[in-house]
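Reader: Could we go through this structure together? I would like to begin with the overall fold and then turn to details.

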Amino acid sequence: MNVAFRRAGGTVTVGGEEAPLRAAGGDPNVFAQRLFTGLPRRYDALAELLSFGQNGRWRTEMVSHIAATRPSSILDVATGTAGVALELVRSTPAEVTGIDLTPAMLARGRERVTRANATERVRLVAGQAEHLPFADATFEALTFTYLLRYVGDPAATLRELARVVVPGGAVASLEFAVPRSRFWRSWWWLYTRLVLPAAGYMTGGREWFGVGRFLGPNISAHYRRYPVDWTVDAWRKAGLVDVEVRRMSLGGGIVMWARKPES
Ligand SMILES: C[S@@+](CC[C@H](N)C(=O)[O-])C[C@H]1O[C@@H](n2cnc3c(N)ncnc32)[C@H](O)[C@@H]1O
């Protein structure tokens with residue numbers, strides 16, 4: 001089930017908007033793997049911090065759009081430490097497959113799945129969102145979380161995600177966003193540029209200082225290149241219909257959902 005991908009080692013250089021990618025030789029997979037390899041131990045606690053305590057709310061909203069369709073099989077892409085996969089197990093009767101690029105995140109995910117007594121319902125595999133190791137129309141539903149900022153070609157990746165969903169199946173995603181209102185955008189900017197790096201350092205040391213410094217500029221750069229309207233259009237071009245968007249927490253998070261049409 002594993003697919004080949006370039007392995008990366010060492011510590012990622014952070015700071016600035018383009019510097020991290022340049023440090024990874026411009027390969028987004030290498031960059032993402034380096035970034036996430038050092039994070040699994042504290043990831044789940046700090047994901048809450050870095051999302052201003054909102055990650056759990058956004059995740060529940062995303063999962064609710066999948067649970068409503070009562071799927072029996074779900075693919076969770078960029079599953080990381082399996083937080084979304086485990087919430088899908090709690091909210092649906094489905095068997096859940098989680099896929100992620102970073103072995104260290106998956107190792108932590110396996111520990112959490114075992115601790116939750118969910119090994120019979122969750123399997124975790126290593127692989128790339130850009131080249132999923134599954135046949136067309138394999139899953140009745142698909143989720144992906146915090147993924148598109150880490151791929152080189154979001155439009156092509158969306159087409160690949162849609163490919164493995166059955167006709168009539170549901171797709172939902174969760175991502176950070178930039179608030180639309182100028183007022184909240186200023187506060188968001190201060191939070192992501194000042195509070196996040198400081199809070200990251202105090203709670204997770206150098207590694208999380210780096211993540212805290214990287215995240216805000218990375219989110220801003222992503223939406224300058226791929227605004228939300230562009231993303232909605234890309235979902236449609238990937239063959240998905242009834243695409244809906246809900247901005248949450250004053251615009252700091254965005255949940256999207258859609259379905260693949262019956263053929
Ligand atoms: C911020 S974490 C999110 C983990 C999980 N979805 C959650 O919400 O807790 C992003 C994850 O995306 C994974 N990732 C990044 N690029 C990827 C790619 N091209 N294919 C698969 N996984 C990828 C990283 O390894 C990392 O585990």
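Author: The conversation below takes up the overall fold, the sheet, the ligand shell and a few individual residues.

Reader: Which secondary structure elements are there, and how many?

Author: This is a predicted model. Its protein chain has 9 helices and 7 strands. The radius of gyration is 17 Å, close to the 18 Å that the globule rule gives for 263 residues, so the chain is as compact as a globular protein of that length.

Reader: What are the spans along the principal axes?

Author: The C-alpha trace spans about 45 × 40 × 35 Å along them.

Reader: And what share of the residues is buried?

Author: Buried residues account for 47% of the 263 residues. As for contacts between residues at least 6 apart in sequence, 68% of them join residues at least 24 apart.

Reader: Now the sheet. What is the strand order, and is the sheet open or closed?

Author: It is an open sheet of 7 strands with mixed pairing, in the order β3-β2-β1-β4-β5-β7-β6. At the edges are β3 (122-126) and β6 (241-248), each of which pairs on one side only. Direction ignored, neighbouring strands are turned by 15 degrees against each other on average.

Reader: Is the pairing of β2 and β3 parallel or antiparallel?

Author: Strand β2, residues 95-100, pairs with β3 in the parallel sense over 5 bridges. Within this pair, I99 stands opposite V125 of β3.

Reader: Which helix lies across those two strands?

Author: Helix α6, residues 103-115, lies across β2 and β3 and runs at about 170 degrees to β3. Another helix that packs on the sheet is α9, residues 228-237, which touches β6 and β7 (253-259). The direction of α9 makes about 150 degrees with that of β6.

Reader: Changing topic: which residues come nearest to the ligand?

Author: There are 22 residues around the ligand, and A78, G80, T102, A129 and T145 come nearest. The elements giving two or more residues to this shell are α2 (28-37) and α5 (83-91). Helix α2 gives the most, with 3 residues.

Reader: How does the shell divide into nonpolar, polar and charged residues?

Author: The shell around the ligand holds 12 nonpolar, 8 polar and 2 charged residues.

Reader: Let us turn to the backbone. Which residues other than glycine have a positive phi?

Author: Two examples are A82, with a phi of about 70 degrees, and A137, with a phi near 50 degrees. They deserve a remark because most residues other than glycine have a negative phi.

Reader: Where do A82 and A137 lie?

Author: A82 lies in the loop between β1 and α5, while A137 lies in the loop between β3 and β4 (139-145).

Reader: Are they buried or exposed?

Author: A82 is buried, because 27 other C-beta atoms lie within 10 Å and the cut-off for a buried residue is 20 or more. A137 counts as partly exposed, with 15 C-beta neighbours inside 10 Å.

Reader: One last residue, R70. Where is R70 found?

Author: R70 is found in the loop between α4 (55-67) and β1 (73-77). It is exposed, with 12 other C-beta atoms within 10 Å.

Reader: What is R70 in contact with, leaving aside its neighbours within four places in sequence?

Author: R70 is then in contact with T92 and P93. By comparison, Y223 is 153 residues away from R70 along the chain, and their C-alpha atoms are separated by 32 Å.

Notes:
Residues are numbered from 1 along each chain as its sequence is written. This is a predicted model: local features need pLDDT of at least 70, side-chain atom pairs count only at pLDDT 80 or more; totals for chains, interfaces and linings use all residues. Helices (H or I, at least four residues) and strands (E, at least two) are DSSP runs, numbered from the N terminus. The radius of gyration is taken over C-alpha atoms; the globule rule is 2.2 Å times the number of residues to the power 0.38. Two residues are in contact if their C-beta atoms, placed from the backbone, lie within 7 Å. A residue is near a molecule or strand if its C-beta atom, placed from the backbone, lies within 6 Å of it. Ala, Val, Leu, Ile, Met, Phe, Trp, Tyr, Cys and Pro count as nonpolar, Asp, Glu, Lys and Arg as charged, and the others, Gly among them, as polar. Two strands pair if DSSP finds at least two bridges between them. Axes are lines fitted to C-alpha atoms, for helices over the stretch in contact, and angles run from 0 to 180 degrees between N-to-C directions.
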